Each structure stands twice: as C-alpha cells, then as structure tokens.
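Me: I am new to this structure and would like a close look at a single part of it, with the surroundings brought in where they help. Please take it slowly and keep the account connected.

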Amino acid sequence: MTLETESTVQSPAAQAESAAGSAPASVANASGLNAGASRLTEIIVVTSGKGGVGKTTTSASLACGLAKRGKKVAVIDFDIGLRNLDLVMGCERRVVYDFVNVIHGDCTLKQALIKDKRLDTLYILAASQTRDKDALNVEGVRRVLDELIADGFDYIICDSPAGIEKGAHLAMYYADRAIVVVNPEVSSVRDSDRVLGLLSSKTYRAEKGDTKVKEHLLLTRYSPRRVATGEMMSVEDVKEILGVDVIGVIPESADVLSASNAGTPVILHSQSDVAQAYEDTVRRLLGEDLPLRFLQEPKRGFLARMFGG
Ligand SMILES: Nc1ncnc2c1ncn2[C@@H]1O[C@H](COP(=O)(O)OP(=O)(O)O)[C@@H](O)[C@H]1O
Ligand SMILES: [Mg+2]
C-alpha cells in the first residue's frame, strides 16, 4: 500500500506527508508508511490507559526478545520528560543525543541511536528530559520512522507514555500493532477501554480506513493468589470485558525491580518466571500458538507445606 501524495484531507498524516517530502520514498512498512522496501518493518506501540502498569518493562523485554532471535530492532522512548527506558536497558550513561534532538535536527538519527552492548541487532532511542511536551510532532516522528524503515529495521517498538494525551497519541499514530498493557484491576481495565477506542479511531490506519491496527492485551503484575481471593480480575474476565485477545500474562514478581535496578531487561534473567512469560509473549508475537502459563499459584514443596515456609 502506498500513500497518496496529494491528499486533500488535512489529517496529521497528510500534514506529515507534505512535511516529509525529503523522506526516502522507496521503502515500505506493513502500515504502508512507504512503498517498495525489500522487507517489511512492523511498528509496535506498547501503550496503556493508566500509568505505571509495566509498559517500559515490557518494551525493553520484547525488544530484547526479538533481537535475541536475530531481528533488527529499534526501541523508542516516547515518554518525554521521564526517560525511563534507558535506565531499564542499562544505557543511561551512554545517552548523548535523544529523540527530540533528532527531530529538531541537532544530530542525525545514527548519532542518537544507542547500540545495545548485549545484543548486536538492538538499538535504543532515548527520550529527552525536556519539560516541553510539544517537543515531538507528527512530522518529526514520521521522519524518524521512515529512516528506520529505510535502514531495514524489522521491528520498531514505541514505548508510550500513559494516557490519552499528545505523547501517547504520537506513539500509537503509525502503529501496525498495539500491545495494550493492563493490570487485572478495575481502573486499569476501564482506562484500557479508552485506549482501544483511540487505536480504532485516531491512528493513521484508522484514518486511512483500510486496515485496522492489530490489538492485543498483555496482562502484567498478575497474581494468582489475589485472583483467587477476588482482589484481582481473572484473565477471562479482562478478556471478556475488553473483547481483545490476550498475547501474554506476566506474573507479579520482585525480579522486575531487581532487573531494572541492574539495568538488565528482565527477559534476560532466564531463571525468572517473568522472563519466561515475556519469552512466550515474543514467540506469540512471531506467530507461535502457545498456552498461557503462570496462571496458577506455584505448588509449594512438601517441606514448605510442613513447616509453613
Ligand atoms: N511483572 C511485574 N512485577 C512486579 N513489578 C512490576 C512488574 N512489571 C512492572 N513492575 C514495576 O512497576 C513499576 C512500573 O513499571 P514500568 O514498566 O515503568 O511501567 P510504565 O512504563 O507503564 O509506567 C516499576 O516499578 C516496575 O518495576
Ligand atoms: Mg514507562
């Protein structure tokens, strides 16, 4: 699918199109941002209604999981002002230029992309610490995505800020696929519903009207014990309320905090249930059909039951 170059509709897409006149015209991605590329780039937004649900943790782990399988991956922090992704990825000391610098032309994209030290095909674009929430714009975002597509990236993961404001809108705008991160509790589920509404109305794909953004739910901080006591909603409940398929369930675990303190995405802590749950999610993203795991409380050993440990 190619973009019409002379659109009369003044959607952000049309504005971006005229602004992106100098962007490479000979490349393509699944959403049809460009046409003619030798391989397809998939743009995945990791988004949510509520903040603090696990988007950055998820973005870092999915990016690593895809790169571990040889995919060329860029992960972009859209959460301007906060800059969490570089900490979780453990590259905060190597940030010289950021996403806003690239958009403002202070540096090239190549100068700003940080190559991961563990995985050869993984790159990070850090968020700016500016307080100016208008530092990102749709034309600039589009130019960066176009350049990554032209560079042959297989996946671009957009780590969104929470909510329904401009930053979140920009992060989802060009997405081919969306992972809506949700905690199994009423307020998070309710806010996810609003985000799903935006995905089906306020994205480039929705405006073009031909294909939808592929939507998935990712349940994080899932605690089987709290589901059993009724404090948390079950996977089935969340799925039924939101009417979207579940691509993974990530258990609640202290491993997430210790991994982020160490600057290692938790998926690389292979002994952890959380790492295995993220690995499963990556495999499902790549098309495998796997049952959900970690939905029950782990069985306690004989000694633990005897002595109450
Ligand atoms: N599966 C999990 N188990 C326990 N804590 C988690 C889990 N996922 C995320 N967290 C914690 O929740 C907080 C918010 O996570 P983060 O990924 O920064 O969310 P967001 O990007 O949505 O704001 C962090 O302190 C993180 O360590
Ligand atoms: Mg975040």
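Which element gives the largest share of the lining of the largest cavity, and how many residues does that share hold?

Reply: The model shown here is a predicted one, and what follows is computed from its atoms. The largest share of the lining of the largest cavity comes from helix α12, which supplies three residues. A search of the whole structure finds one cavity of 30 Å³ or more, and the space inside the largest cavity comes to about 40 Å³. Its lining is made up of Thr57, Ser61, Val88, Val256, Ala259, Ser260, Thr264, Pro265 and Val266. Sorted by class, five of these lining residues are nonpolar and four are polar, while none is charged. Helix α12 is accompanied here by helix α2, since each of the two supplies at least two residues of the lining of this cavity.

Helix α2 therefore deserves a description of its own, because as a DSSP run it covers residues 55–68. It has 14 residues and reaches 20 Å from its first C-alpha to its last, which is close to the 20 Å expected at 1.5 Å a residue. Most of α2 is covered, with twelve of its 14 residues buried. The buried set begins with Lys55, Thr56, Thr58, Ser59 and Ala60, and it continues with Ser61, Leu62, Ala63, Cys64, Gly65, Leu66 and Ala67. Ser61 thus appears both among the buried residues of α2 and in the lining of the largest cavity. An α-helix has 3.6 residues a turn, so residues three or four places apart point the same way. Just after α2, Gly70 takes a positive phi of about 85°.

From the cavity one can pass to the largest pocket, which has a volume of about 570 Å³. The pocket is lined by 23 residues, and those that lie nearest its centre are Gly52, Gly54, Thr57, Arg221 and Val256. Two or more lining residues come from each of the elements α2, α3 (85–89), β7 (214–222), β8 (246–251) and α12 (255–262). In the pocket, too, the largest share of the lining belongs to α12, which here gives four residues. By class, the pocket lining holds ten nonpolar, nine polar and four charged residues. Thr57 and Val256, which lie among the residues nearest the centre of the pocket, also line the largest cavity.

Arg221, another of the residues nearest the pocket centre, is found in strand β7. With a relative accessibility of 41%, Arg221 counts as partly exposed. The backbone of Arg221 has a phi near 55°, a positive value in a residue other than glycine. Most residues other than glycine have a negative phi, and most peptide bonds are trans. Phe294 is a further residue of this kind, with a positive phi near 65°, and it lies in the loop between α13 (273–285) and α14 (302–307).

Beyond the cavity and the pocket, the aromatic rings help to show how parts of the chain come together. The count comes to five aromatic pairs. In one of them, Tyr123 and Phe153 meet edge-to-face, at 5.6 Å centre to centre and with 80° between the planes. Tyr123 lies in strand β4 (residues 122–125) and Phe153 in the loop between α6 (138–150) and β5 (155–159), so this pair ties together parts that are 30 residues apart in sequence. Both Tyr123 and Phe153 are buried. The rings of Tyr173 and Tyr204 have their centres 6.2 Å apart and their planes at 75°, so this pair is edge-to-face. Tyr173 belongs to helix α7 (residues 166–173) and Tyr204 to helix α9 (residues 204–208), so that the pair links distant parts of the chain, 31 residues apart. Tyr173 and Tyr204 are both buried, and ring pairs link Tyr173, Tyr174 and Tyr204 into a cluster. Phe153 has a further partner in Lys72, which lies over the face of its ring at 4.5 Å from the ring centre.

One last contact concerns strand β1 (residues 42–47), in which Val45 lies. Val45 is buried, with a relative accessible area of 0%. Val45 and Ile179 are 134 residues apart in sequence, while their C-alpha atoms are 6.2 Å apart in space.

How values were computed
Residues are numbered from 1 along each chain as its sequence is written. Chains are lettered from A and ligands numbered from 1 in the order in which they are written. This is a predicted model: local features need pLDDT of at least 70, side-chain atom pairs count only at pLDDT 80 or more; totals for chains, interfaces and linings use all residues. Side-chain values use heavy atoms; hydrogens and water are left out. The expected span of a helix is 1.5 Å times one less than its number of residues. Buried means under 20% relative accessible area, exposed over 50%, partly exposed in between (1.4 Å probe, protein chains only). On a 1 Å grid over the protein atoms alone, a cavity is a set of points where a 1.4 Å probe fits but cannot get out, and a pocket is an open set with protein on both sides within 12 Å along at least five of seven lines; lining residues have an atom within 4 Å of a point. Grid points are joined across faces, edges and corners, and a volume is the space filled by probe spheres set on the points. Ala, Val, Leu, Ile, Met, Phe, Trp, Tyr, Cys and Pro count as nonpolar, Asp, Glu, Lys and Arg as charged, and the others, Gly among them, as polar. Rings of Phe, Tyr and Trp (its six-membered ring) pair if their centres lie within 6.5 Å; planes under 30 degrees apart count as stacked, over 60 as edge-to-face and the rest as tilted. A charge sits over a ring if NZ of Lys or CZ of Arg is within 6 Å of the ring centre and within 35 degrees of the ring normal.
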